[in-house]
Amino acid sequence: MGSRDLEDPKEFTVLVTGFGAFGNNGINPSHLIASSLPSSFTADDLPNIKIVKASPIPVHYRTVRDVVPRLLFPQPPGKMAMTRSYPPSIPTSLFQDLPDVDPTAEDKPRFDFVLHIGMAAPREYFTMETCAHRDRYLGKDEAGETMEADTLWRDEYKAPEILRPGFDAEDVWKRWKSDLMGVDVRPSSDAGRYLCDFIYYTSLVEYWRKDSKAMAPVMFLHVPGSSGDYDIEMGRKVALGLIGAMVASARRTEGLEHYAQ
């Protein structure tokens, strides 16, 4: 279960998500990469890292907003994420492998770390996104909806326009890059104002709501749009490298100490 001591744990637990099909992309490489990851692995001098892989997240804004809070934190019976008057259809498979936790412990994360993976089709390189944005989600999702008129985060949550993860981003990137010599990996501050940016902000704002001064152990990885065997294997290697870099960096710094109480 998440939120354990970062200094001397026996195991870390990481949630990894990818997206389902959208547009002309019948198979989304982000989910293929996520589902290819092992159930656990070790890296360098790190403890065992357990990976919980979610079913593919539908490319639908309101589904993301409803699903993510329930993936990250226990939800007391009867409490639902705020979805206005038109809640989306939620795939029940998304919740099958969640760790058992006390449903009344609303402020205790299920996982020690979270990695969202999404596709950036034109790119031929991998990016670690360093921030997420609250507004201007104008592109239509698979249900034909946008979030142009939505004001939940801005007016009701009064959340910041930009949220960042609780990692030392430069340290994570350097560790990631050094572990993947010859692979084109880059930091980025523009996750795209579509579902990738949206799910990233959704996770970050949930941690922010629990404690606005605490740091969120969340990261987003953009992968190229190719889905051949070589591409998925490379994506698998890159994702595992980033997870290892996240865990190693968090243990080195005190930025995520709040979530290890």
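Two residues are in contact when their heavy atoms lie within 4.5 Å. In this sense, P29, L32, I33 and S36 in helix α1 meet I232, G235, R236 and A239 in helix α6 of the predicted model. By class, this contact of α1 with α6 comprises five nonpolar residues, two polar residues and one charged residue. Two packed helices are described by the angle between their axes and the distance between the axes. For α1, which spans residues 29–36, and α6, the angle is about 65° and the axes are 9 Å apart. The crossing of α1 and α6 is right-handed.

Helix α6, residues 229–252, also packs with α4, at an angle of about 135° and with the axes 8 Å apart. This angle makes α4 oblique to α6. The crossing of α4 and α6 is right-handed. On the α4 side, the contact is formed by D171, V172, R175, W176 and D179, and these meet V238, G241, L242, A245, M246, A248, S249 and R252 in α6. The residues of this contact divide into seven nonpolar, two polar and four charged.

One of the α4 residues in this contact, W176, was examined further. Helix α4 covers residues 169–179 and includes W176. The relative accessible area of W176 is 0%, and W176 is therefore buried, since buried means under 20%. When neighbours within four places in sequence are left aside, the residues in contact with W176 are F126, T127, M128, V185, R186, L221, V238, G241, L242 and A245. The C-alpha atoms of W176 and L242 are 5.4 Å apart in space, although the two residues are 66 residues apart in sequence.

Another pairing of sequence-distant residues involves K210 in helix α5 and D107, which are 103 residues apart in sequence and 6.2 Å apart in space, C-alpha to C-alpha. K210 counts as partly exposed because its relative accessibility is 27%.

Aromatic rings were then considered. A pair of aromatic rings is described by the distance of the centres and the angle of the planes. A search of the whole structure gives eleven aromatic pairs. In one of them, the ring centres of Y61 and F198 are 5.0 Å apart and the planes stand at 75°, so the pair is edge-to-face. This pair links distant parts of the chain, with Y61 in helix α2 (residues 61–72) and F198 in helix α5, 137 residues apart. Both Y61 and F198 are buried. A tilted aromatic pair is formed by Y200 and F220, with 5.8 Å from centre to centre and 40° between the planes. Here Y200 in helix α5 is linked with F220 in strand β9 (residues 218–223), 20 residues apart. Y200 is buried, with a relative accessible area of 0%, and F220 likewise counts as buried at 0% relative accessibility. In addition, F22, Y61, Y137, W153, Y194, F198 and Y201 form one aromatic cluster.

Backbone angles were also inspected in two loops. K158 lies in the loop between α3 (152–156) and β7 (162–163), and its phi is near 55°, a positive value in a residue other than glycine. With a relative accessible area of 62%, K158 is exposed. R193, in the loop between β8 (185–188) and α5 (195–210), has a positive phi of about 55° although R193 is not a glycine. The relative accessible area of R193 is 22%, so R193 is partly exposed.

Definitions and conventions. Residues are numbered from 1 along each chain as its sequence is written. This is a predicted model: local features need pLDDT of at least 70, side-chain atom pairs count only at pLDDT 80 or more; totals for chains, interfaces and linings use all residues. Side-chain values use heavy atoms; hydrogens and water are left out. Helices (H or I, at least four residues) and strands (E, at least two) are DSSP runs, numbered from the N terminus. Buried means under 20% relative accessible area, exposed over 50%, partly exposed in between (1.4 Å probe, protein chains only). Axes are lines fitted to C-alpha atoms, for helices over the stretch in contact, and angles run from 0 to 180 degrees between N-to-C directions. Angles under 35 degrees count as roughly parallel, over 145 as roughly antiparallel, 65 to 115 as roughly perpendicular and the rest as oblique. A crossing is left-handed if the near helix is turned anticlockwise from the far one by less than a right angle, and right-handed if clockwise. Ala, Val, Leu, Ile, Met, Phe, Trp, Tyr, Cys and Pro count as nonpolar, Asp, Glu, Lys and Arg as charged, and the others, Gly among them, as polar. Rings of Phe, Tyr and Trp (its six-membered ring) pair if their centres lie within 6.5 Å; planes under 30 degrees apart count as stacked, over 60 as edge-to-face and the rest as tilted.
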